[in-house]
Amino acid sequence: MPTTVTTDRPTATVLGHQELKVLSAVGCGLRDDEIAAALALPEVSVAEHLARILVKLGLRDRAAAIVHAFDCGLVAPGRGPRTRSVSPVARTAAGRAAGPKVRISVLGPLQAWQDGQPLNLGHLRQQAVLAALALCAGRTLSQQELLDDVWGMESPVANVVPVYIYRLRKTLRIGSSPDSVIEHARHGYRLVPGAVDVDAARMEELVTGMGTADRAGEPTEAVRLCAQALELFRGEPLAGLPGPLAELERLRLTERRIAILQRKLEWQLRLGQDSEAIAELFALSAANPLNEPVAAMLMRALYRNGRQADALTVFGRARRSLADELGVSPSRMLRRTHEMILRGDEAGLALTPPAGRSTCP
């Protein structure tokens, strides 16, 4: 695959007027004969201009010139050459003014939509590059960081990051404008602030709202916000994407979902919504048999509903899972819950409902 080096390279300002025209045409993907016809030049002159451009800019080949024309603003994604320059500040302001038009979801298989229409994000490595930018929204990622995040120790033979960014920028635009939601900064790339709505960021906003509702003594609102956050998950986060970052984020986001669900179930039990909570706790415990806090919560909920035998069965299943999978005994927290159920210690199990609360779902 063609390669280019993007570190501290001279900008297009070192080129003459005719060379800029040629570079713009090359950036639009035109062949030499097409450029010659468009600029009224002999085809051999086009080849000579391109050779000088590559030398002046320190580029390796034509593909590198295409990427450079895009990065330095001579060519707008999918719209051909720009007739006037647009500063990065102006592009950012335009993105904020237009409002988020591109939605990116990482809480499941990576997907993106523009004005409700799904976008083709290319092959998996290219998608992993976009996922890295989405997960670090607002921060500039260098080319080396993207290489580390997506390829790890197995760096690609060719310098493909600029090529992948070029393709993604053509796909992801700010509304109907020629500007992309991916900015090229001096030291790397980032998503234009305000131009993209990432579901993981929305989830964190809802988590913050849950804490605010809890501190305000509004568990019903906290449950509602939890439900909204859980609805954002569409399956395994970043399913199928390669690279160290995707692997770590899959684990982190999966644990995040479990933590949100646990908080929701705790608040539901406080509200007396036992039937709904118990059903979800059974499913969560079955999916995570080594999660002792979930097992303890299910045991307390079952005991409160007069199902002591079922609560003890949950303890026995958890003990066997821990022994078989990890070779360990239940933690002190789980053993204490078991002991309090055997003693009927309702105060210790915190099963007394708040004043005025109905015990009915």
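Me: What makes the link between the side chains of histidine 49 and arginine 52 a polar contact?

Reply: Distance, mainly. In this predicted model, the two side chains come to 2.8 Å, and the cut-off for a pair of N or O atoms is 3.5 Å. One atom must also be able to donate a hydrogen and the other to accept it, so the pair of His49 and Arg52 counts as a polar contact.

Me: Why is histidine 49 called buried?

Reply: Its relative accessibility is 13%, and buried means under 20%, so the label fits. For orientation, His49 sits in helix 3, residues 43-57.

Me: Which residues does histidine 49 touch, leaving aside its neighbours within four places in sequence?

Reply: Gln18, Glu19, Val22 and Leu41. Each has heavy atoms within 4.5 Å of His49, which is what contact means here.

Me: Why is valine 328 called partly exposed?

Reply: Val328 comes out at 39%. Buried needs under 20% and exposed needs over 50%, so valine 328 lands in between. You'll find it in the loop between helix 14 (308-326) and helix 15 (332-343).

Me: What surface patch does Val328 help make?

Reply: A nonpolar one of about 240 Å², together with Leu290 and Leu326. Patch members need over 30% relative accessible area, and Val328 has 39%, so it clears that bar.

Me: And the cysteines: why are 136 and 226 called buried?

Reply: Cysteine 136 has 17% and cysteine 226 has 0%. The limit is under 20%, so each counts as buried.

Me: How many disulfides are there?

Reply: The count is 0, going by cysteine sulfur atoms within 2.5 Å.

Notes. Residues numbered from 1 in each chain as written. Predicted model: local features only at pLDDT ≥ 70, side-chain atom pairs only at ≥ 80, totals over all residues. Heavy atoms only, no water. Buried < 20%, exposed > 50% of the residue type's maximum accessible area, 1.4 Å probe, protein only. Patch = residues over 30% accessible without salt bridge, like charges linked within 9 Å, V, L, I, M, F, W, Y side chains within 5 Å. Areas by Shrake-Rupley, 256 points an atom, 1.4 Å probe, with all protein chains shown as cover. Salt bridge = Lys/Arg side-chain N within 4 Å of Asp/Glu carboxyl O. Helix = DSSP H or I, 4+ residues; strand = E, 2+ residues; numbered from the N terminus.
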